[in-house]
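Please open the model in your viewer and keep the selection panel at hand. We will go from stop to stop, with something to select at each.

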Amino acid sequence: MNRSGKVKRKGLSLEKREALYGFLFISPWIIGGLLLLMFPIFRSLQLSVHNITNIADWELEWAGLEHFKKAIFGDAIYFEYYLDTVKSMMIQIPLINVFALTVAVFLNRRFAGRTMFRLLFFLPVLLGTGFIMQQLMGQKVDQETMEVARKVLLPQEVTIYLGPKITNWISEFLNVITTALWKSGVQIVIYLAGLQGVSRQLYEAARVDSATEWETFWLITLPMVTPMMQLNLIYSVVDSFSDESNSLLAYIVRQGFVANKFEYSSAMGWLFFVFAIILIVALFLITQRFVNRVKE
Amino acid sequence: MNAKFKALTQYPLKDKIKRQHLRLPVSLFDIVVFCLLILLAFVFIYPFLFMLVNSFKSYNDIINITVKWLPREFTFSNYTIAYNALQVQKTFINSLFVTVFATMGHVLSCSFIGYGFARFRFPLRRVLFSIVILSFLIPVQTLIIPMYITYSNLNMLETYLPLIFPTFLGFGLKGGLFVFLFRQYFIRIPKSLDEAASIDGCGPLRVFFRIALPSSGATAIVCIVLSIVWHWNDFYEPGIYISSFDDMLLPQILGSLYHLLNKLSVDPNMEVAAEGAKIMYHKGIVMAGTVMAILPPFIAYLFLQKRFIEGVERTGLVE
């Protein structure tokens with residue numbers, strides 16, 4: 001009684017009060033969103049269709065789609081980097097996800113030394129970002145790792161038998177896998193979290209019905225982790241987009257900060273971002289049909 | 001009757017016992033999985049071992065290809081040279097400062113905002129929350145130029161504010177992800193808990209700080225670990241905003257260690273040496289620098305790993 005009386009006195013209904021508190025809680029984010037998201041997005045879009053005449057006072061001159069045209073038709077380097085990036089992404093994203101899921105399924109089993117393995121497999125969370133990756137790539141550690149892995153999988157005798165062409169092909173494949181593995185830290189974490197959430201009853205029911213482990217994986221595990229898979233696919237796209245070792249992004253930033261062509265750089269950035277958004281939305285819509293929603 | 005019942009049950013039971021006897025304690029599949037895991041673990045651990053071993057090698061050992069894993073001349077000199085070149089005593093403090101404050105900002109603001117999205121119904125909630133996700137999807141690089149100009153107009157360049165300030169508003173390095181994680185957590189804890197508190201006269205702010213935030217330990221640990229690691233490792237944004245040598249962060253300066261060493265190098269033979277030889281010459285030092293730079297997040301990870309892994313298993317990631 002007391003509560004409703006108080007509300008009446010203030011002249012606010014419960015819903016309005018709740019909404020007010022909601023806005024109070026997200027108010028830092030709204031300020032941040034306007035300041036750190038909307039404003040730069042607006043400025044960056046503005047830059048991409050203008051020419052700067054005076055940067056300190058933000059004096060601009062309308063340029064139309066000139067920078068976009070230049071990026072698409074007049075810049076061979078940009079085009080090449082763009083294709084390269086798209087290609088390596090198309091190869092790496094499925095690989096990263098297959099590996100991350102496999103490792104997570106293995107780690108979810110019960111065996112001796114599981115804790116130690118988990119500790120190890122989360123190391124890429126440390127390794128996969130920033131400077132360590134850069135340092136190691138500089139020292140060609142990825143190639144060395146691949147070389148050792150190849151020797152384990154394919155001893156000398158076998159490579160002689162297969163001939164240089166196939167051996168090379170396998171080496172290249174292993175190289176891609178090594179880098180993909182190093183980038184799969186967060187994805188393994190997400191999949192493992194998903195696997196932990198699958199109800200034990202389902203597995204028990206499957207065992208009672210004498211399903212093999214292989215069948216259990218395809219019929220229970222995989223459908224149950226589809227939400228994680230969706231999240232992971234999208235995360236992998238974002239991750240490879242904002243990756244520092246991405247040569248396209250390096251080129252864009254170089255054009256902006258070294259060559260002082262901020263307008264051109266913005267236009268190239270937007271072209272790239274539009275592609276990313278299209279890819280993410282497409283991925284989301286396609287995967288949405290397969291995602292298995294469990295009602296709580 | 002009894003005999004008939006026995007006859008009915010006996011056969012399948014016997015069969016079952018037989019099957020259990022046949023089943024080995026460890027199946028072939030388990031062994032295969034174990035071997036595969038060891039192979040994969042090798043791929044993960046190799047770079048770390050490589051760094052560690054090379055950082056203790058002398059120049060003679062590095063150019064000698066027969067010395068692979070055990071350095072013949074065990075030396076610490078790489079570490080002392082790298083320590084001085086990187087000015088670790090200064091850059092370490094700088095990095096620590098940024099990482100601590102940015103992580104604090106992330107945990108405080110993202111839990112606060114996440115609670116708002118999880119607990120209260122307000123107009124445009126779904127739209128705003130999808131913008132949270134979107135904010136995490138936009139690569140920093142797309143917006144870096146207007147941000148740079150804005151910060152330069154605010155006279156915030158050459159300070160750590162552009163790195164720390166956004167984290168207190170739920171942005172910064174992958175801030176959207178942390179808001180998402182906290183929201184997923186708060187949406188799952190029973191609402192009756194805060195209702196009880198608010199009947200006792202607790203306002204929503206107090207409910208958040210006294211009840212909701214302290215209960216979010218597992219999620220907070222996941223955010224803390226990820227935020228520490230990402231902030232410590234990031235050299236892209238610091239590289240844009242900070243150019244003065246005294247204020248540089250450790251990973252940032254590490255990127256230029258090789259060039260730095262070339263400049264500092266006193267060996268006259270190295271002045272004219274080929275690029276490949278120079279890389280070899282400085283390899284041990286660069287590796288020692290890298291080991292020193294990853295040590296702090298690594299130690300943090302070792303301390304928090306148990307709770308981190310538990311936290312991962314319990315985060316609201318699983319819907």
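What follows is a tour of the two chains, their domains, some helix pairs and the contact between the chains.

**Before you click**

This is a predicted model, in which local features need pLDDT of at least 70 and side-chain atom pairs count only at pLDDT 80 or more, while totals for chains, interfaces and linings use all residues. Residues are numbered from 1 along each chain as its sequence is written, and chains are lettered from A and ligands numbered from 1 in the order in which they are written.

**Stop 1: chain A as a whole**

Select chain A and switch on the cartoon. You should find 16 helices and 2 strands; helices here are DSSP runs of H or I with at least four residues, strands are runs of E with at least two, and both are numbered from the N terminus. Of its 296 residues, 35% count as buried. Buried means that 20 or more other C-beta atoms lie within 10 Å of the residue's own, exposed means 12 or fewer, and partly exposed is in between, with C-beta atoms placed from the backbone. Among the contacts in chain A with a separation of 6 or more, 75% join residues 24 or more positions apart; two residues are in contact if their C-beta atoms, placed from the backbone, lie within 7 Å.

Now colour by domain: domain 1 of chain A covers 1-48, and domain 2 covers 68-128 + 183-288. These bounds come from an automatic or database domain assignment. The C-alpha centres of the two domains of chain A lie 33 Å apart. Their contact takes 4 residues from domain 1 and 6 residues from domain 2.

**Stop 2: H4(A) and H11(A)**

Next, select residues 76-107 and 185-196 of chain A, which are helices H4 and H11. Their axes come within 8 Å and cross at roughly 50°; axes are lines fitted to C-alpha atoms, for helices over the stretch in contact, and angles run from 0 to 180 degrees between N-to-C directions. That angle makes H4(A) oblique to H11(A). Under 35 degrees counts as roughly parallel, over 145 as roughly antiparallel, 65 to 115 as roughly perpendicular, and the rest as oblique.

Which hand does the crossing of H4(A) and H11(A) have? It is right-handed: the near helix is turned clockwise from the far one by less than a right angle, whereas anticlockwise would be left-handed.

For the residues that meet, show side chains including A:Ile96, A:Ala100 and A:Val103 in H4(A), and A:Ile188, A:Tyr191 and A:Leu195 in H11(A). By class, this contact has 11 nonpolar, 2 polar and no charged residues. Ala, Val, Leu, Ile, Met, Phe, Trp, Tyr, Cys and Pro count as nonpolar, Asp, Glu, Lys and Arg as charged, and the others, Gly among them, as polar.

**Stop 3: H12(A)**

Move to residues 200-208 of chain A, helix H12, which is hardly covered: 0 of its 9 residues are buried. H12(A) is followed by A:Ser210, whose phi is positive, near 50°.

**Stop 4: H15(A) and H16(A)**

Select residues 247-257 and 262-288 of chain A for helices H15 and H16, which pack at an angle of about 155° with their axes 7 Å apart. H15(A) and H16(A) are therefore roughly antiparallel to each other. Their crossing is left-handed. The contact includes A:Leu248 and A:Ile252 of H15(A), together with A:Met268 and A:Phe272 of H16(A). Its residues divide into 6 nonpolar, 4 polar and no charged.

**Stop 5: chain B**

Switch to chain B, where there are 17 helices and 0 strands. Of its 319 residues, 40% count as buried. Its assigned domains are domain 1 (21-77) and domain 2 (87-255), with C-alpha centres 37 Å apart.

Then pick H5(B) and H12(B), which pack at about 145° with axes 9 Å apart. Their crossing is right-handed. Among the contact residues are B:His106 and B:Cys110 of H5(B), and B:Cys223 and B:Trp232 of H12(B). The residues of this contact divide into 9 nonpolar, 7 polar and no charged.

**Last stop: where the chains touch**

Finally, show both chains together: 71 residues of chain B are in contact with 70 residues of chain A. Which helix gives the largest share of the chain B side? H2(B) does, with 14 residues. Select 28-55 of chain B to see helix H2; other elements giving two or more residues to this side include helix H7 (140-153) and helix H17 (275-314). By class, the chain B side has 53 nonpolar, 12 polar and 6 charged residues.
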